Amino acid sequence: MHTNISLGELEHLLEFAPVVLYKYVLFPEGKGRFLYISSGSSDVLGIKAECFIEDIDNFWNLVNEEDVDRLYEEDINANQQGSFFVSDIRFNNPAKGNIWIRLSSKPSNELFEGHEVWTGYMVDVTDSKLLESKLEERAKRDGMTQLWNKNEIVNSLGDELARFQRDNLPFSVMIMDLDYFKEINDQYGHLVGDDVLIQFTNIASAELREVDILGRFGGEEFLAIIHNATREDTLVIAERIKHATQNRVFKDGENTFSITVSIGITDVKQQSPDTVEDIMKRADEALYQAKQNGRNKVQYK
């Protein structure tokens, strides 16, 4: 049996639910107005419903400034097309601080002063957004070292190249490869090998600056982007990493051993239109030369 439920009855049913029901109208000049907002506004939005009904600017003033234009455009487009509207925005709840809310609405059969009334709801989706952010972050990280993975470090290199082309800030790239790493795995086992990779991550991170970016390029290879640095600056950092690595004592039970690292370096070429592929190829060729020269070397190209 189907029963029509009034808005008031629905609000009563949802009295303790974290949702805000609303009616809204957008006038041709672009000024909107809330005709109705349910009592859940106090909890979800941190402001009583009457404040928003009295002046819609009380709502807009709490929308994150980076989301205002997008929400405004989406609102206008939905009204013009008469289509279902949904948008996630950041909102400053005076009691809870910054939260994420989802607005969803659709046109109704009701009119207000000759204009179509939209009915919808707002709900706090902060928890799901935080989980989504964590999952996205995890997808960008190498599971073992927690550095940027290959895809993300290459994307970062593209961003750095674009910054160079825009602002002409110099930068360098170094590819680091642990020498004879396969022998470590063969002799001591993969658990020890994993520990070596993690400890090298700590070594390199300690010698790099906060503005630099480090990623695991694959296997025992690491790629670092040295931001706003000359060739000479990068060579100094690379030598520090090389010396810190060879001086680290690794342990496997009562056994101790040491490792070395070979490093290939290149910088952006102002006289030629470099691509990400060009930069990586030069750094890789420099690494190959460091290996050919006896390993535990720093080579520039």
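Rings of Phe, Tyr and Trp, the last taken by its six-membered ring, count as a pair if their centres lie within 6.5 Å, and planes over 60 degrees apart make such a pair edge-to-face. By this rule the structure, which is a predicted model, holds 12 aromatic pairs. The points below take up one of these pairs, then an open sheet of five strands, the largest cavity and the largest pocket.

**An aromatic pair**

- The ring centres of W60 and Y72 are 6.1 Å apart and the ring planes stand at 70°, so this pair is edge-to-face.
- Because W60 belongs to helix α4 and Y72 to helix α5, the pair ties together parts that are 12 residues apart in sequence.

**The five-stranded sheet**

- The strands of this open sheet follow the order β7-β8-β6-β11-β12, and their pairing is mixed.
- At the edges stand β7 (213–218) and β12 (298–300), each of which has a single partner strand, so one side of each is left without a neighbour in the sheet.
- On average, and with direction ignored, neighbouring strands of the sheet are turned by 20° against each other.
- Strand β6 (residues 171–178) and strand β11 (residues 261–267) run antiparallel and are joined by seven bridges, and in this pairing M176 stands opposite I263 of β11.
- Helix α10 (residues 231–247) lies across β6, β8 (221–227), β11 and β12, and runs at about 170° to β11.

**The largest cavity**

- Two cavities of 30 Å³ or more are found when the whole structure is searched, and the largest has a volume of about 140 Å³.
- The largest cavity is lined by 13 residues, of which Y22, Y24, D75, F85 and L103 are the closest to its centre.
- At least two lining residues come from each of β1 (19–26), α4 (57–60), α5 (65–81) and β4 (97–112), and α5 gives the most, with three residues.
- Sorted by class, the lining of the largest cavity consists of 10 nonpolar, two polar and one charged residues.

**The largest pocket**

- The largest pocket has a volume of about 180 Å³, and its lining is made up of L26, F27, P28, G30, I76, N79, Q80, H115, E116 and W118.
- Two or more residues of this lining are given by each of the elements α5 and β5 (115–124).
- The lining of the largest pocket divides into five nonpolar residues, four polar residues and one charged residue.

Definitions and conventions:
Residues are numbered from 1 along each chain as its sequence is written. This is a predicted model: local features need pLDDT of at least 70, side-chain atom pairs count only at pLDDT 80 or more; totals for chains, interfaces and linings use all residues. Side-chain values use heavy atoms; hydrogens and water are left out. Two strands pair if DSSP finds at least two bridges between them. Helices (H or I, at least four residues) and strands (E, at least two) are DSSP runs, numbered from the N terminus. Axes are lines fitted to C-alpha atoms, for helices over the stretch in contact, and angles run from 0 to 180 degrees between N-to-C directions. Contact means heavy atoms within 4.5 Å. On a 1 Å grid over the protein atoms alone, a cavity is a set of points where a 1.4 Å probe fits but cannot get out, and a pocket is an open set with protein on both sides within 12 Å along at least five of seven lines; lining residues have an atom within 4 Å of a point. Grid points are joined across faces, edges and corners, and a volume is the space filled by probe spheres set on the points. Ala, Val, Leu, Ile, Met, Phe, Trp, Tyr, Cys and Pro count as nonpolar, Asp, Glu, Lys and Arg as charged, and the others, Gly among them, as polar. Rings of Phe, Tyr and Trp (its six-membered ring) pair if their centres lie within 6.5 Å; planes under 30 degrees apart count as stacked, over 60 as edge-to-face and the rest as tilted.
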